Every structure is written in structure tokens, then in C-alpha cells.
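Please open the model in your viewer and keep the sequence panel visible beside it. The tour below moves from one selection to the next.

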Amino acid sequence: MMTREEIIEGIERLRPWFHCIELGEGLRTKTETAIGEPVEHPRPTWECIRPHLPEDLTGKSVLDVGCNAGFYCVEAKRRGAARVVGLDAQRSIIRQALFVRRVLALDIEFERMSVYDLDPKRSGQFDVTLALGLVYHLKHLVLALERLFQVTRETLIVETAVFPPGRSPGSFTHPVGGLNPVLHPLAYVENPPGRKESIYNWFLPSPEALRALLLNTGFDEVSIHPGEYEERAVLVCRKRAPYPDSRTLQYLSARITLAEDAPTEARAGEELVFKARVENTGFARWLATGEGEESRGAVRLAAHLRSGADEGDVFFYYAGAVLPRDIEPGEEVELALVLRAPGAPGRYVLEFDMVSEHLSWFEDLGSEVSRRELKVIV
């Protein structure tokens, strides 16, 4: 338990404060503006996003990315959240958040981390993710949105400054690359070289541009709501499932390990069995049965047959093996691919790759194929 004098000393030592947080006994983290924001900031922002959150967060996990001194983390914990984690890239900010946690004696995890380092394999997923006042500080906007998508189980709430409405040309269709897509305004904020990313502004998307980005990232529903004032907006992004499926290509990745006893020599036309352990190293659930009659998006283990001399294709899709069931991210499955040796003697190369049917080969998305030389004799 900290004394009133210790709390006052800590507030002064950790100045300047951007978040105004009530610490009890009539004490607050700040009583004056830091960079022109309202003294009570971020209370007005909280009032904008609060209607989009459950009033009772009991049993829920909440992640606040760009948490600053932890105002939103404190509010989430007070509403019953089971686990609350706050992340920020700035060391001085995390020191403030840890001080607030100590004063209020709340079970909140704070860590210094960049949004680009988010990884569900490390942290798991969170029922609710908050990205408030974050988007315009991101030099690598699409990458950051993908990271936020990956760690969100149900709902992401984004609050951000947007393209000045009075200067926006609005969204419009325009021919690009033989298509006629919708173009959305997105402003790049010019900065001198060497400016610190987390402090300066980089992109101001229109609400419609940010909605399109979030939908392309993988969210199933994205709604736009008014922000604190005209040049800010709140976007509420929802998922129907924790992971996208194998029709969402940017999250497909695999590791293929052939059994050591895989055939290396065979007679022409002989039936061969190649066993492989396949790991879903990406972030999408692999569908065993895809969409429609063509099974679009179903994942298969497939073999390319190439000539040994020049690696030219003999049969690009020589054989395939189906999944026994849907495979979640991080899961492994044992597969057996049955094929016949080519009818002509010679030296060949078999390349084993995964494919999302009618959409993409995994190698084209960055995964490595597994190769095996095969000698065919008479």
C-alpha cells in the first residue's frame, strides 16, 4: 500500500502524463494538458468506445495495444475482465503504467512491445482488442492490422484520426490493372527523416479506407461510428471464428517433412507411397472440404513431377492427398500420397507442396517445398 506522499512523488517523477487516471484520495495522474489534449483525456474517447463494449467483461480477455499509461486497461479490469494486457513501445510510458498498477493494486499485465511483434503463438488470442489512437502512428499500417487481426478472437475496436472530411474526395471507382475497383482516400503525412515512429503521425485513412483495409485483413464485419469529433472515427471489427479459413491466402503457411524411408528408386509404372508429416505453420484453418463442387479452398498435399535434367515440368499436379479433417493453426497431420512412377525410365524430381485448391500453391505464398529425387528403371 503506497502512502499519499509516495503517490504524489511518483506522479511528479514520471511526468509528463498523457492519460488522466484517478488514483484515489483525490489524486490524478495529471492536472494540465501535455500536448494540447483535454486535461481529462482519454475520458471523452472512452465514452465514444464504451457503448461498443459489453458493460460486463466478466471472464473476457482484453488486449490494449498502444496502452499509454493504462487508462483503458484499468477500465476493463474494473468491468470484470479476467485477463487484461497492455502493450506500448515506449519505455517511459510502460513505467507510468506499472506505477498506476501498483497504486491501484490491479491485476494487469504491462509489457513494452511493438504492435509488429504481436504473435498469437506467444500470447494467445484475446476476446477484445483495443487499438485506440494507434493507427496514425504506424509506418507499416497493413502489417500492423494483420498482427491485430491475428491476436483478436472476437472483437477489435479501433479509434483513430482520419482523413480530414472537408478535404476528402470521397471513395470512387476507377480502372486499375484491367479492373474497376473502389479507391479510398488515404493521406500520407510527410515527416522529416529520422523521426520516431511512435511519436509522429504517418497515415490518415478515410473511415471507408480503413474499413476496406480491415475487411481485407480478414474481419467478417466492420462498422464505422462517430469519434470524439469530426476528424476522428471508431471502427468496430468482428470475427465469426477465431481463425480465417484457407480461402484467406495471406495466412497460409506449411512445413512438410517427408518420411526418411520415402522411395528413391522404382520400376516404371510402380505404385509408390510417400508419407509426410505436415504442420500448419500459418494462421488460417485448413479446410478439408472447400467451397462448391470444385472444393475451392480445400487444402491438399500435392506432388509436382519434374525431369531430373533441367527441372522442367513433366506433370505439374502429378498426385494429391486429401486432409482427414480441418487442420487448425499449429496442428500437424500425417498424410500418405500415393502415385505411380513415370512410365519412361530416367531421373526425376518430385516436389511436394500444399495447395489451396483453385486459389494458390503454398510455395507462391512463401512456404518451402520438400524435394525427393526418384530414379525410374525398366
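What follows is a series of selections, beginning with a helix and ending with the pockets.

This is a predicted model, in which local features need pLDDT of at least 70 and side-chain atom pairs count only at pLDDT 80 or more, while totals for chains, interfaces and linings use all residues. Residues are numbered from 1 along each chain as its sequence is written, and side-chain values use heavy atoms, with hydrogens and water left out.

Select helix α1, residues 4-13, where Ile7, Gly10 and Ile11 are buried; buried here means under 20% relative accessible area, with a 1.4 Å probe and protein chains only. Helices are DSSP runs of H or I with at least four residues, strands are runs of E with at least two, and both are numbered from the N terminus. These three buried residues lie on the same side of α1, because they cover an arc of only 100 degrees around the axis, the arc being that of the directions from the helix axis to the C-beta atoms. Now add β1 (22-24), β2 (27-28) and α4, against which the buried residues of α1 pack.

Move next to leucine 118, which sits in the loop between β5 (109-112) and α5. Leucine 118 is buried, with a relative accessible area of 6%. Leaving aside neighbours within four places in sequence, leucine 118 is in contact (heavy atoms within 4.5 Å) with Leu63, Val65, Leu87, Met113, Arg147, Leu148 and Val151.

Turn now to the largest pocket, and select Phe18, Asn68, Gly133, His137 and Ser198, which lie nearest its centre among the 50 residues of the lining. A pocket is an open set of points on a 1 Å grid over the protein atoms alone, where a 1.4 Å probe fits, with protein on both sides within 12 Å along at least five of seven lines, and lining residues have an atom within 4 Å of a point. The elements giving two or more residues to this lining are β4 (83-88), α4 (91-104) and β7 (152-161), and α4 provides the largest share, 4 residues. About 1,400 Å³ of space lies in the largest pocket, a volume being the space filled by probe spheres set on the grid points, which are joined across faces, edges and corners.

Finally, select Lys121, Gln150, Thr281, Gly282 and Phe283, which lie nearest the centre of the second largest pocket, lined by 16 residues. This second largest pocket has a volume of about 260 Å³, and α5 (120-123) and α6 (141-151) each supply at least two residues of its lining.

Notes. Buried < 20%, exposed > 50% of the residue type's maximum accessible area, 1.4 Å probe, protein only.
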